[in-house]
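Okay, thanks for making time, everyone. I'd like to walk you through a structure that's new to most of us, so have a look at it first and then I'll start talking.

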Amino acid sequence: MPIDIPMDNWPGSVKTVTLGATSDQGGTRSSTVTIGGDQSLPFMHFEKPTANRPVIAMEIAPARPAEWSPVLLETWSEVVDDPGAWANACEEAGADLIVLQFGLKGAGDEPIAADLATSAVKTVLGATGLPLVVLGPGQAEIDNAILVPIADETKGERLVLGLCEDGNYRTIVASAMANDHLVLGRTPMDVNLAKQLNILMTDMGLPLDRIVMDPTTGALGYGIEYGYSVMERLRLAALQGDAMTQLPMMVNPGFETWKTKESKVGEGVPEAWGEWTERGVNWETLTAVSLIEAGANVVVLRHPDSLKRVRAAIDDLMAFETV
Amino acid sequence: MSRYIATRAIRGANALVNEAEAMLARALDEKGPDTPVAFPNTAYYLPVIYGMTGREIEKLGELPEVLTQARNLLHPTPSQRHWTPYLGETLDSGMATLLTAETIEAIRYVYGMQPELLPGFELAGGTAFTSPDMNDAEGESANGHLNGAIDDIQLRSWGIQLVDGRMPGFAAIVGCAKSNEAAVQIVRELQRRNILCFLSGNINGRSIIHQLDEEGVELGYDTYTVPFGTDTLSAIYALGFATRSALTFGGLKGGQAREILTYNKDRVFAFVLALGEVDDLKYAAAAGAINFGFPVVADTVIPQILPTGVTTYEHVVSLPWNEIEGADDVEKAERLVQKCIEVRGVKVQVADVPVPVPYGSAFEGEVVRKADMRVEFGGRGSRCFEYLKMAKLDDLTDGKIEVVGPDFSEVDDQGTMDMGIVIEVAGRQMEQDFEPVLERQIHYFVNGASGIQHIGQRDIAWIRISSKAADAGFNLEDFGKILHARFHSDFGAIVDKVQVTIHTEPGQVEERLREARETYDFRNKRLEDLTDDAVDEFYSCTLCQSFAPNHVCIVSPERLGLCGAYNWLDCKASFNINPTGPNQPIKLGRKVDTDQGYWEGTNDYAKVGSHGVVEEVAMYSIMENPMTACGCFECIVMLIPEANGVMVVSREDTSMTPAGMTFSTLAGMAGGGIQTPGVMGVGKFYLISPKFISADGGFKRVVWMSSILKDTMAEELKAVAERAGDTELIDRIADERSVTTVEELLPWMEENNHPALTMDPIF
């Protein structure tokens, strides 16, 4: 018996955003990455072809990140002391994008300084040809202090600068506009707040195709349902035609999962939890793949094995792409 | 628009274009058309010309076409005999003046006449020059000259601060102050508010730059006061700066004149301060500035242009120096600067709450026990009230805090004294209706101080200061400081000035209290008069969509939000403060059914706001398309079919109800944004509204109600009973003390003669 598959025909679609710029386009990247363009819910291949595959970004730090799980530091070994080498290793591991995440502290115990931050960005840009996302520690004042000079010094690269939040979006948006960069807006798991921040940012004159949004999420077992639901609702609103939600989403399962006890702690835990590294990688992979199903266009990961597994999952999901 | 101003501006522009043409002809002759023209260190060519016309001027030979364009913008002066329109002509002339002024300055750069030389002058940081002869050995720009145009490096640093609001705006000061002291004070007042000062112009050869230099005020990038030049034309650099801000941070391109001007009007809070006599050229340049939305304030007698139009508020305001109230130049300068801020709508920022105790929302719930208390106001032993009222902008001095009467140093430990806090606020967007909304914030603001406890409101306020806070130096004036800082930071969108008076002298307290009570009464009546029929918009509230994604509250004057925290006025104020926030106006549009409470606007909104889940909402019915709820309702109203009425359960009531369920079980049915006929979550003050389920018979349908509501709302319910024409109505309603099942309810109703028994069937 033939079965009619009910199909949704959405009036709206997600904006297409291109990260990075090659030398022809005013930057120095060897290639660019295009995300978004979704015209239906993820992997509904029978409704609409997937415009752009979800991409995988790897997170690195400007200096050895003391608070990272020992599992990660061991895996990456000495490259974590050199952001350039680390970025290179990520590129070799198959990353599509690099996320350079600054913390509150620099290499020593000193507060992060703008000139050192800028030179770390230049080191990474010099070491890899992948497009780059640069994120401040998430404290408005410090984000502003380091991101403005970084934006000035890397004009034309189409970096993604973040975090734009309620308190500091004006500064970051203005410097992104002055230097041909993109921005990442983050709001705490709320559809209306996400939408409002997008309104405020575009109100400053920033075109929609230069904004990526991070609706925030939790790790598997730590609120992923909440984050999943918000992402799903944002995507549904986008497909229904609400222009201010039609932006690609980037979420950070690496950060979220590697701070959970399951991933971070190796000793004094029940044996049934299994081998430490395997557990952490599983946690990160499952979280990331779930979020991709919720509509994530970019997932940011930390472990190279997770990268392989998430890549395999995306390939699987895309294997059904038929025309 | 004043014809006088139009005449002089148009005349000034004509004269300037003539002068520039002669000057350019000579320059072309002497230097040749291929001579490069440029301002130092900028990628924006001659920025005003580039922004307004899109022309990328790089050579002298390209300037004649700019002057041709300027000439085409000129008009004859308005006729003295016949009225002809002249606003557009004046603005055109202003634009012609700007293009011409920039052309002249560009020629002067060619001749080395810009930046202007001023022997002996030392610049505290300024434009860096690529030409080595303008720099000293370290590559710094040499002394002995003014700054001229601002370079791109400084533009980036300041421009971003102007756009993101860290810097409130800039003042283009043109001319010469009445005295050196006045000049110093004006600049100090602007610097104190973090407003950038650009200096230019002169009166009979004396410029404010000379005045400040003589007084030893350092001028330059480092001190946020940039001396452009001692003539009027150098003021063009201010507009070059403004134009480049829009090009750099607004994503605009050269030639997008309209967008650049609008960007400046909306985002760059600049104004022109004209000191001393205003001549034709200054009028012409001022007309140019008005194109950017920058108003002009003069300290001399000139005709004013008060209507709003091209600028956000007034265009030209005259505030003659000798008529400004104030004991000395300091006070006069403060008033003048305050006026400039008002006219341009610059928002003042207060970063911290300047009190001697820690301050933050973490301290809001803090309790000060009697034993730890230094002094209390209100409660049993004394009177305490707080009263916020709106005043005219001109009548207030922002930040003025006055204590009238003794402080508490003479009061014994754990003693008590009278206090009245009177707050006066003024603002362009302030409305009388916002007074109670702002007044209610006092509770949160005062409570934020560590060691201070605030309870109640209006004339039942009760405030305690702990011994620890008093020892740390907290005094009465600090209440004023808290309120001033917080009203600016939280309500800056509607409040421009805040002045606080603390009364402790018993006679004064008495008198002010009487005035306050009259206003409280007036506000109560105003709320009574504020009916759904009297307004043409309701407000949405989507605050709770974070956890009830498809729920939307529609808040009307007679139906407050179900949480009880947001009434119609709150929503209106919230929308004014945060136009993209959770409270949006809903235009009612066509009435569909006023009994049930359907309007085209509310139905449309319900559909959009609920993402298509709710098709229609009846504002006044529980039976047909009732409003949905998130989960934070104060009460649940639920149909009791057997009783032909409804019961009302309070959130605070944990006992069993006639529906066979407790509040917490019922809450699951009422919440979640689902429309369930017969069940509704509401704010408790909706119970006493004449529109309370009015489509279903109104309050008389209430057959059972939690006793806590009867007790805490006794006064209000009494009024409802009177309105219903049955003073014993409340006693006829059962509660959990007498009835907990339907079986008990019906005989109780019979016994007490409840009106629902004889009403039409509810469904």
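**A salt bridge to start with**

Let's begin in chain B, where Glu515(B) and Lys389(B) form a salt bridge, with their closest N and O atoms 2.9 Å apart. Glu515(B) sits in helix α16, residues 506-529, while Lys389(B) belongs to strand β8, residues 384-390, so this pair ties together parts that are 126 residues apart in sequence. As for how open the spot is, Glu515(B) has 26% relative accessibility and counts as partly exposed. Before I go on, please keep in mind that this is a predicted model.

There are other salt bridges to look at. Over all chains, a search of the whole structure turns up 54 of them. One is between the side chains of Arg590(B) and Glu600(B), at 2.9 Å from N to O. Here Arg590(B) is in the loop between β17 (585-587) and β18 (591-593) of chain B, and Glu600(B) is in helix α18, residues 600-609, with their positions 10 residues apart in sequence. Glu600(B) is partly exposed, at 33% relative accessibility.

Now for another pair: Arg732(B) and Asp726(B), again a salt bridge, with closest N and O atoms 2.9 Å apart. Are these two buried or exposed? Arg732(B) comes out at 17% relative accessibility, which counts as buried. Asp726(B) is buried as well, at 18%. And if you like networks, Lys339(B), Glu342(B), Asp394(B) and Lys497(B) are linked in one made of salt bridges.

**Chain B as a whole**

Let me zoom out. Chain B has 23 helices and 23 strands. Its C-alpha atoms fill a box of roughly 110 × 65 × 55 Å along the principal axes. Of the 763 residues in chain B, 57% are buried. If you take the contacts in chain B with a separation of 6 or more, 73% of them come from residues 24 or more positions apart. On the outside, chain B exposes about 30500 Å², and carbon and sulfur atoms supply 49% of that.

**Where the two chains meet**

So how many residues of chain A touch chain B? It's 19 residues of chain A, in contact with 19 residues of chain B. People often give the size of an interface as the accessible area lost when the parts come together. For chain A and chain B, the buried area is about 1600 Å², with carbon and sulfur atoms giving 49% of it. On the chain A side, Asn192(A), Gln196(A) and Arg233(A) lose the most area to chain B, and together they make up 26% of what that side buries.

What about polar interactions? Between the two chains we count two salt bridges. One of those brings together the side chains of Arg156(B) and Asp152(A), at 3.2 Å from N to O. Across the interface there are also 10 residue pairs in polar contact. Which helices of chain A are involved? α4 (140-153), α5 (169-178), α6 (191-203) and α7 (224-240) each supply at least two residues to the side that touches chain B. α5(A) gives the most, with six residues.

**A few spots in chain A**

Staying in chain A, take a look at Asp214(A), in strand β8, residues 211-214. At 4% relative accessibility, Asp214(A) is buried. Its side chain makes a polar contact of 2.9 Å with the side chain of Arg186(A). Beyond the neighbours within four places in sequence, Asp214(A) touches several residues, including Leu184(A), Thr187(A), Met250(A) and Val251(A).

For contrast, go to the surface. Ile5(A), Met7(A) and Phe46(A) form a nonpolar patch there, with about 320 Å² of accessible area together. Met7(A) is in the segment before β1 (16-19) of chain A, and it is exposed, at 54% relative accessible area.

**Some backbone oddities**

Last bit. Most residues other than glycine have a negative phi, and most peptide bonds are trans. Here, a cis peptide bond joins Gly162(A) and Leu163(A), with omega about 10°, and Leu163(A) is in strand β6, residues 160-164. Another cis bond joins Gln114(B) and Pro115(B), with omega about -10°. Pro115(B) is in the loop between α4 (87-110) and α5 (152-164) of chain B.

Then there's Arg158(A), which isn't a glycine but has a positive phi of about 50°. Arg158(A) is in the loop between α4 and β6 of chain A, and is partly exposed at 23%.

Notes: Residues are numbered from 1 along each chain as its sequence is written. Chains are lettered from A and ligands numbered from 1 in the order in which they are written. This is a predicted model: local features need pLDDT of at least 70, side-chain atom pairs count only at pLDDT 80 or more; totals for chains, interfaces and linings use all residues. Side-chain values use heavy atoms; hydrogens and water are left out. Patches are made of residues with over 30% relative accessible area and no salt bridge: like charges are joined within 9 Å, nonpolar side chains (Val, Leu, Ile, Met, Phe, Trp, Tyr) within 5 Å. Accessible areas come from the Shrake-Rupley method with a 1.4 Å probe; for residues, only the protein chains shown count as cover. A salt bridge is a side-chain nitrogen of Lys or Arg within 4 Å of a carboxyl oxygen of Asp or Glu. Helices (H or I, at least four residues) and strands (E, at least two) are DSSP runs, numbered from the N terminus. Buried means under 20% relative accessible area, exposed over 50%, partly exposed in between (1.4 Å probe, protein chains only). Contact means heavy atoms within 4.5 Å. Buried area is the accessible area (1.4 Å probe) that two parts lose on being put together, summed over both. A polar contact is a pair of N or O atoms within 3.5 Å; within protein, one must be able to donate a hydrogen and the other to accept it, and residues adjacent in sequence count only if both atoms are side-chain atoms.
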